[in-house]
Amino acid sequence: QVHLVESGGGLVQPGGSLRLSCAASGSIFRFYTMGWYRQAPGKQRELVATITGSGSTNYADSVKGRFTISRDNAKNTVYLQMNTLKPEDTAAYYCSILTTGTWGQGTQVTVSS
């Protein structure tokens, strides 16, 4: 069974940056399509970005140009670089294997002055 562990969340001021990491166990990570989701209090979970095993990416309109998803298959890790953060980016961020429906435990991102 594959496990996902997110890290890198925290408190940041508006306009700041954070990089989230998601480490996966398992030897076939490189074949997985991975995604980052987020869920703000009282809102539905929303898809933020996805990346295929070959590196093709897609983004929600709300984060295009500010967030970048990437992966390092040698390290079984997917990243979410978040720049120019806004208060509305505040949420719990979750990593997921879209192929299998596996989820991590989430990491909190709070954007506030």
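**Exercise 1. The surroundings of R71**

Leaving aside its neighbours within four places in sequence, determine which residues R71 is in contact with, where contact means heavy atoms within 4.5 Å.

*Solution.* With those neighbours left aside, R71 is in contact with F29, R30, Y32, M34, I51, T52, G53, T77 and V78. Before going further, note that this is a predicted model, in which local features need pLDDT of at least 70, side-chain atom pairs count only at pLDDT 80 or more, and totals for chains, interfaces and linings use all residues. Residues are numbered from 1 along each chain as its sequence is written, and side-chain values use heavy atoms, with hydrogens and water left out.

The next step is to place the residue: R71 lies in strand β7, residues 67–72, where strands (E, at least two residues) and helices (H or I, at least four) are DSSP runs numbered from the N terminus. R71 is buried yet has no salt bridge, and the nearest side chain of opposite charge, that of D72, is 8.4 Å away. Here buried means under 20% relative accessible area, exposed over 50%, and partly exposed in between, with a 1.4 Å probe and protein chains only. For charge, Lys and Arg count as positive and Asp and Glu as negative, while His and the chain ends are not counted. A salt bridge is a side-chain nitrogen of Lys or Arg within 4 Å of a carboxyl oxygen of Asp or Glu.

Backbone oxygens come last: that of F29 lies 2.9 Å from a polar atom of the R71 side chain, and that of I51 lies 3.4 Å from a polar atom of the R71 side chain.

**Exercise 2. The partners of strand β9**

Identify the strands with which β9 pairs, beginning with β4, given that two strands pair if DSSP finds at least two bridges between them.

*Solution.* Strand β9 spans residues 91–97 and is mostly covered, 7 of its 7 residues being buried. Strand β4, residues 34–39, is joined to β9 by 6 bridges and runs antiparallel to it, with M34 standing opposite I97. Strand β11, residues 107–111, is also antiparallel to β9 and is joined to it by 3 bridges; in this pairing A91 stands opposite V109.

Strand β10, residues 102–103, pairs with β9 in the antiparallel sense over 2 bridges, and S96 stands opposite W103. β9 and β10 form a hairpin with 4 residues between them, and G101 in the turn has a positive phi of about 75°.

**Exercise 3. The faces of strand β1**

Work out which side chains of β1, residues 4–7, point to one face and which to the other.

*Solution.* In a regular strand the side chains alternate between the two faces of the sheet. In β1, L4 and E6 point to one face and are buried, whereas V5 and S7 point to the other and are not. β1 is joined by 4 bridges to the antiparallel strand β3, residues 18–24, and S7 stands opposite S21.

**Exercise 4. The disulfide**

Find which residues the disulfide joins, taking a disulfide as a pair of cysteine sulfur atoms within 2.5 Å.

*Solution.* By this rule the count comes to 1 disulfide, which joins C22 to C95 with an S to S distance of 2.1 Å. The pair links distant parts of the chain, with C22 in strand β3 and C95 in strand β9, 73 residues apart. The torsion about the S-S bond of C22 and C95 is about -80°, so the disulfide is left-handed. C22 counts as buried because its relative accessible area is 0%, and C95 is likewise buried at 0% relative accessibility.

**Exercise 5. Salt bridges**

State how many salt bridges the structure holds, and then describe the one between R38 and E46.

*Solution.* The structure holds 4 salt bridges. One of them is formed by the side chains of R38 and E46, at 2.6 Å from N to O; R38 is buried, with a relative accessible area of 6%, whereas E46, at 32% relative accessibility, counts as partly exposed.

A further salt bridge is that of D61 and K64, at 3.2 Å from N to O, in which D61 counts as exposed because its relative accessibility is 65%.

R66 forms a salt bridge with D89, the closest N and O atoms being 2.7 Å apart. This pair links distant parts of the chain, R66 being in the loop between β6 (57–59) and β7 and D89 in the loop between β8 (77–82) and β9, 23 residues apart. Both R66 and D89 are buried. Salt bridges that share partners join R38, E46, R66 and D89 into one network.

Methods
Two strands pair if DSSP finds at least two bridges between them. A polar contact is a pair of N or O atoms within 3.5 Å; within protein, one must be able to donate a hydrogen and the other to accept it, and residues adjacent in sequence count only if both atoms are side-chain atoms.
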